[in-house]
Amino acid sequence: MLGEIADRRSKTDARIAELRGKLKAAEALARGKACVFATGSFGRREAGPYSDLDLFILGKRDGEPRHNGIEGSLLKRLDEICIKADLIEATRALNIPDFSGDGRYLTHFSVHEFTKTLGTPEDDVTNTFTARLLLVLESCPLLESAVYREVTEEVIAAYWRDYEDHKSDFVPAFLGNDILRLWRTFCVNYEARTERVPEDEKAKGKLKNYKLKHSRLLTCYSALLYLLAVYGSQKTVGPQDAMAMIKLTPTERLEWLLGQSDLAHAHSAIYKLLDQYERFLETTKADERELVARFKDKKTSQSYMSAAYTFGDLVFGALTSIGGGKLFHRLLVV
């Protein structure tokens with residue numbers, strides 16, 4: 001494992017352990033009812049000294065359908081407020097930057113919202129789509145790991161709803177298409193929300209693009225590479241394979257691919273991906289003001305963006321090599 005990646009994992013694990021130590025009251029309130037999971041750099045276990053904490057609260061269903069037919073969470077509103085207060089206090093005590101958007105993204109869902117809205121227009125409106133995919137692709141449990149596993153299994157079961165009739169040849173196209181949709185959503189959101197003037201805003205946009213084409217890209221495509229590899233080896237992908245994938249961070253999925261002897265033809269591309277991602281983490285180990293200043297320099301910016309395009313080329317090469325034109329690979333392309 002490369003140095004910066006290993007160092008980030010170790011330090012992130014230590015910070016998460018510190019957080020858990022300050023959240024005993026919140027853990028008691030959530031016990032058996034809900035979990036709190038981290039996404040973003042903490043979920044990927046690669047948080048740097050300037051990383052903020054992106055969290056979601058996900059509750060078990062309470063068996064009481066509301067007017068829209070979706071069951072609420074076992075975690076009730078007042079307990080949710082207390083848990084959020086503890087989370088805010090703990091992050092401030094550890095000098096972790098305040099939650100982005102003044103806390104408006106610190107959202108509480110029931111797992112039934114994740115599964116019932118899957119594939120419906122409400123999935124985008126309620127933000128369950130993004131939250132559900134981040135759970136699957138880059139999450140780490142902060143509170144109530146047992147509940148985290150239970151609700152994650154329920155989400156995977158929704159994607160594998162047709163598995164019983166296709167155990168020997170199941171193609172995870174439903175999940176694969178949602179992952180591709182998330183990546184396209186990231187790309188569209190970048191274009192829609194990025195200011196081109198003044199110069200500082202333009203530089204911030206370039207920085208966002210640089211991060212998009214590394215961390216967001218790897219979040220999505222490491223999962224697709226993993227699922228493609230499993231399908232290529234087994235001619236099917238079971239829900240247990242998806243659960244095993246969820247336990248791994250994006251970079252750990254690449255390392256898992258390196259451990260598969262039948263994928264030796266793709267190992268060179270995977271090593272290059274890890275090496276390139278290592279450089280990305282080293283480059284972004286600074287506060288936003290310093291990074292924006294770097295991206296205001298035209299020559300430096302061009303160098304960084306050239307590296308981002310190279311990273312995309314490497315992902316494409318690995319996808320082509322591992323997919324090998326098999327059915328699942330074809331479904332992801334067309």
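**Entry 1: H7 against H9**

I began with the contact between two helices, H7 and H9. On the H7 side I listed Phe129, Thr130, Arg132, Leu133, Leu134, Val136 and Leu137, which meet Leu175, Asp178, Ile179, Arg181, Leu182, Thr185 and Phe186 in H9. I note here that the model is a predicted one.

I then looked up the geometry of the pair. The axes of H7 and H9 come within 10 Å and cross at roughly 115°. Since 65 to 115 degrees counts as roughly perpendicular, I therefore entered H7 and H9 as roughly perpendicular to each other. I recorded the crossing of H7 and H9 as left-handed.

Next I checked how covered H7 is. Helix H7 spans residues 128–137 and is mostly covered, with nine of its ten residues buried. The buried set in H7 is Thr128, Phe129, Ala131, Arg132, Leu133, Leu134, Leu135, Val136 and Leu137. Arg132 is thus on two of my lists: it is buried in H7, and it is among the H7 residues that meet H9.

**Entry 2: salt bridges**

I found 30 salt bridges in the structure. I followed up three of them.

For the pair of Asp124 and Arg181, I read 3.1 Å from N to O. Asp124 sits in helix H6 (residues 122–125) and Arg181 in helix H9 (residues 173–193), so this salt bridge ties together parts 57 residues apart in sequence. Neither partner came out as buried: Asp124 is partly exposed at a relative accessible area of 46%, and Arg181 is partly exposed at 27%. I traced the shared partners from there, and salt bridges join Asp123, Asp124, Arg132, Asp178 and Arg181 into one network. Among the members of that network, Arg132 belongs to H7, while Asp178 and Arg181 are in the H9 part of the contact from my opening entry.

For Glu252 and Arg45, the closest N and O atoms of the salt bridge are 2.8 Å apart. This pair links distant parts of the chain, 207 residues apart: Glu252 is in helix H12 (residues 250–258), and Arg45 is in the loop between helix H3 (40–43) and S2. I looked up the accessibility of Glu252 and got a relative accessible area of 16%, which makes Glu252 buried, because the cut-off for buried is under 20%.

For Glu150 and Lys60, the side chains meet in a salt bridge at 3.5 Å, N to O. Glu150 lies in helix H8 and Lys60 in the loop between S2 and strand S3 (61–65), so parts that are 90 residues apart in sequence are tied together. Glu150 counts as partly exposed, at 38% relative accessibility.

**Entry 3: the sheet and H8**

I turned to the strands. An open sheet of four strands has the order S5-S2-S1-S6, with mixed pairing. Its edge strands are S5 (107–110) and S6 (140–143), each of which pairs on one side only. On average, neighbouring strands of this sheet are turned by 35° against each other, with direction ignored.

I looked at one pairing in detail. Strand S1 (residues 34–39) pairs with S6 in the antiparallel sense, over three bridges. In that pairing I located Ala38, which stands opposite Cys140 in S6.

Last, I checked what lies on the sheet. Helix H8 (residues 145–159) lies across S1, strand S2 (54–59) and S6, and runs at about 85° to S1. H8 is also the helix that holds Glu150, the partner of Lys60 in my previous entry.

How values were computed:
Residues numbered from 1 in each chain as written. Predicted model: local features only at pLDDT ≥ 70, side-chain atom pairs only at ≥ 80, totals over all residues. Heavy atoms only, no water. Pairing = 2+ DSSP bridges. Axes fitted to C-alpha atoms, helices over the stretch in contact; angles between N-to-C directions. Contact = heavy atoms within 4.5 Å. Salt bridge = Lys/Arg side-chain N within 4 Å of Asp/Glu carboxyl O. Buried < 20%, exposed > 50% of the residue type's maximum accessible area, 1.4 Å probe, protein only. Parallel < 35°, antiparallel > 145°, perpendicular 65-115°, else oblique. Left-handed = near helix turned anticlockwise from the far one by under 90°.
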